[in-house]
Amino acid sequence: MRGVGKGSRNSTSLENVDWSSLKKLVPYLTEFKGRIALALSCLIGAKLASVGLPFILKNIVDQLNLSSTEPAAVVSTVVVVPVALLIAYGVVRFSNVLFGELRDTLFGRVTERAMRRVGHRVFRHLHSLDLAYHLNRRTGGVSRDIERGVTGISFLMRFMVFNIVPTFIEIGMIMVLLVWNYSVWYALIVFVSVFAYVGFSIIATEWRTETIRQMNSAESQSSTRSVDSLLNFETVKYFNNEDYEGDRYDENLAAWELARRKNRLTLFGLNGGQSLIISAAATAAMVLAAVHVSQGVMTIGDFVLINALMMQIFVPLNFLGFVYREMKGSMANIDAMFALLNVEPSVKDRPNANDIKVDNASIEFRQVGFAYQSERSILDNVSFKVAPKQKVAIVGGSGSGKSTIMKLLFRFYDVSSGSILIDGQDIAGVSQESLRRAISVVPQDTVLFNATILENIQYGNVDASKHEVQQAIEMAYLDDFINQLPDGGDTQVGERGLKLSGGEKQRVSIARAILKQPKIMVFDEATSSLDSQAEQRILHAMERVRGDYTSVVIAHRLSTIVDADLILVLDKGEIAEQGTHHALLEINGLYAKAWRLQHSQSTEH
């Protein structure tokens with residue numbers, strides 16, 4: 001019942017909680033069947049000891065009361081019995097604690113392994129989803145769903161298995177003992193109070209659901225806002241929008257503050273009502289016991305027993321409101337996490353898809369059509385061939401479909417029509433893992449992990465030897481740069497590689513791509529944002545590896561692809577022109593116009 005600050009553990013939506021998600025957890029819990037059996041045995045032992053304690057206490061009180069009224073001749077004999085009972089009381093109490101600790105220790109490993117297995121599965125599943133999902137998701141919100149879901153498993157297992165179910169078992173045992181030893185009225189008091197308490201807790205918790213939903217929604221929004229803002233802090237600095245971002249974040253925190261206030265007030269109502277029920281029931285039982293003692297029907301020990309049993313019932317019941325509320329929140333969190341597992345990727349391997357076999361690394365686009373949305377076509381009837389070890393360049397205006405070709409080749413999306421073949425094999429019919437293993441991409445916007453330069457390079461092949469890593473560094477013309485650094489390859493690059501310049505990041509990206517040892521290299525506008533000096537270093541690195549791979553270069557600066565074996569000029573999703581640099585200049589079309597424009601601009605500068 002207590003625990004004002006616990007509400008934040010609930011999910012952003014507690015309505016329509018699907019309790020059937022419990023079934024989904026069963027496979028993750030069966031790995032340690034022996035441990036579960038031992039933990040349940042300890043649970044039973046703890047409950048037997050717990051119920052037995054008040055009865056030992058009753059006998060101790062009665063024996064002590066008897067010894068005070070017995071003649072002095074038999075006092076020494078009578079006193080021996082309370083001493084033995086006191087020792088038994090201590091042993092049973094210790095057994096209760098010991099069994100409880102053993103139970104938690106044994107089941108703890110089961111719960112932790114389940115948390116690990118589920119968390120790992122969700123994480124792997126998120127990485128298996130297609131690019132479209134990740135472009136639309138909010139990283140902060142998804143990470144919170146995973147965190148809450150995994151934590152929810154721990155809470156649910158701990159309190160459902162070792163609190164809710166055992167509590168009701170214990171209540172049932174106590175009611176039977178009360179009827180058997182005393183009067184049905186005591187059992188009736190227990191039954192009515194438990195029924196009223198549980199009913200009130202459920203109704204009041206449902207009443208509080210909306211405020212908890214608002215609080216957690218505000219918390220998720222503020223978390224997402226802060227993550228998004230901090231990840232893009234450079235942009236915030238560029239436009240002097242620190243105050244704007246702070247105000248937006250404070251708006252989220254204000255909504256969170258208001259929701260927390262409402263949550264606290266409704267929790268006050270819940271706690272007050274629960275305390276009233278408990279106090280009324282305990283008072284009724286004690287009054288009835290006092291009357292029976294005064295009538296000589298019960299002893300002082302029986303009075304103490306009734307008091308102990310009522311406290312034993314209401315201590316866990318006093319916690320039941322909080323447990324129910326948190327269990328429902330945990331189930332909502334688990335539902336939200338399992339909902340991530342229900343997201344199906346739009347790009348799937350066919351059943352029993354074979355690995356692609358790439359020897360020559362020829363590429364062919366056959367009448368490829370593609371649209372992100374049905375009403376807006378990106379590529380229309382695109383066909384071309386790239387011979388093994390050739391360098392093909394793709395140019396065109398913004399929105400012409402250049403980068404889309406790279407994404408289709410890497411199979412971030414499936415084509416809407418037509419087919420893409422590598423060495424004569426339709427990439428739609430092979431496994432995505434084997435396809436992507438054969439292709440390395442140097443993206444336009446190189447994103448590095450917040451680790452060392454060497455760790456970022458070795459990410460291209462985590463099993464590569466030091467010699468292979470060094471070769472990749474040399475081929476990307478990174479060795480001189482690394483040698484100049486005080487910490488060499490162990491230099492930290494900062495979050496997203498912000499400690500490196502654009503050209504340095506691109507060369508790290510090229511080294512990483514080389515280390516992958518692919519058959520096909522794709523350069524997605526790798527020099528578009530670099531200065532001339534950095535561009536020349538990148539071009540040298542690209543040229544150095546040219547003969548080893550089939551290269552696809554998506555280019556903005558035409559000066560970087562004059563040596564290409566084939567240049568494709570895209571316009572409105574179609575191939576408007578294709579040929580070598582000199583052939584396209586002779587055609588005097590789109591390519592020639594763009595060449596003259598860029599050449600004149602470079603001359604002016």
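Start with the whole protein in surface view: its accessible surface comes to about 30,500 Å², and carbon and sulfur atoms account for 57% of that. Keep in mind on this tour that you are looking at a predicted model. Switch to cartoon and you will find 18 helices and 10 strands. Of the 605 residues, 45% are buried. Among contacts with a separation of 6 or more, 80% are between residues 24 or more positions apart.

**Stop 1: helices H6 and H8**

Select glutamate 245 and arginine 225 and show their side chains. They form a salt bridge, with 2.7 Å between the closest N and O atoms. What does this pair tie together? Glutamate 245 sits in helix H8 (residues 242–294) and arginine 225 in helix H6 (residues 184–231), so the bridge links parts that are 20 residues apart in sequence. Both glutamate 245 and arginine 225 are buried.

Stay on H8 and move along to asparagine 252, which is also in this helix. Its relative accessibility is 15%, so asparagine 252 counts as buried. Now display what surrounds asparagine 252: beyond its neighbours within four places in sequence, it is in contact with Ala218, Gln221, Ser222 and Arg225. You have already met the last of these, Arg225, as the salt-bridge partner of glutamate 245.

**Stop 2: a salt bridge between two loops**

Next, select arginine 411 and aspartate 349. Their side chains meet in a salt bridge, at 3.5 Å from N to O. Arginine 411 belongs to the loop between helix H10 (402–409) and strand S4 (417–422), and aspartate 349 to the loop between helix H9 (300–341) and strand S1 (363–370), so this pair ties together parts 62 residues apart in sequence.

Are the two partners buried or exposed? Arginine 411 is buried, at a relative accessible area of 2%, while aspartate 349 counts as partly exposed, at 36%.

**Stop 3: a salt bridge inside one helix**

Now go to helix H11 (residues 432–437), which holds both glutamate 433 and arginine 437. These two residues are four apart, about one turn of the helix. In an α-helix there are 3.6 residues a turn, so residues three or four places apart point the same way. The closest N and O atoms of the salt bridge between glutamate 433 and arginine 437 are 2.4 Å apart. Arginine 437 is partly exposed, with 43% relative accessibility.

Before leaving the charged pairs, add Asp414 to your earlier selection of Asp349 and Arg411: salt bridges with shared partners join these three residues into one network. In total, the structure holds seven salt bridges.

**Stop 4: strands S1, S4 and S5**

Colour S1 and S4 next. They run antiparallel and are joined by five bridges. To see how they line up, select arginine 366, which stands opposite serine 419 in S4.

From S4, continue to S5: this pair is antiparallel too, with two bridges. Select isoleucine 422 and look across to glutamine 425 in S5, its bridge partner. Which residue in the turn of this hairpin has a positive phi? S4 and S5 have two residues between them, and in that turn aspartate 423 has a positive phi of about 50°. Most residues other than glycine have a negative phi. With a relative accessible area of 21%, aspartate 423 is partly exposed.

Another positive phi can be found at asparagine 381, near 55°. Asparagine 381 lies within a strand, S2 (residues 379–386), and is partly exposed, at 48% relative accessible area.

**Stop 5: helix H13**

Finish at helix H13 (residues 466–475) and select its buried residues, Val469, Ala472 and Ile473. Look down the axis: the three cover an arc of only 100°, which puts them on the same side of H13. What do these buried residues pack against? Show helix H12 (453–458), helix H14 (479–484) and helix H15 (502–515), and you have the packing partners in view. Your last selection is tyrosine 477, just after H13, where phi is positive at about 55°.

Definitions and conventions. Residues numbered from 1 in each chain as written. Predicted model: local features only at pLDDT ≥ 70, side-chain atom pairs only at ≥ 80, totals over all residues. Heavy atoms only, no water. Salt bridge = Lys/Arg side-chain N within 4 Å of Asp/Glu carboxyl O. Buried < 20%, exposed > 50% of the residue type's maximum accessible area, 1.4 Å probe, protein only. Contact = heavy atoms within 4.5 Å. Areas by Shrake-Rupley, 256 points an atom, 1.4 Å probe, with all protein chains shown as cover. Arc of directions from axis to C-beta. Pairing = 2+ DSSP bridges.
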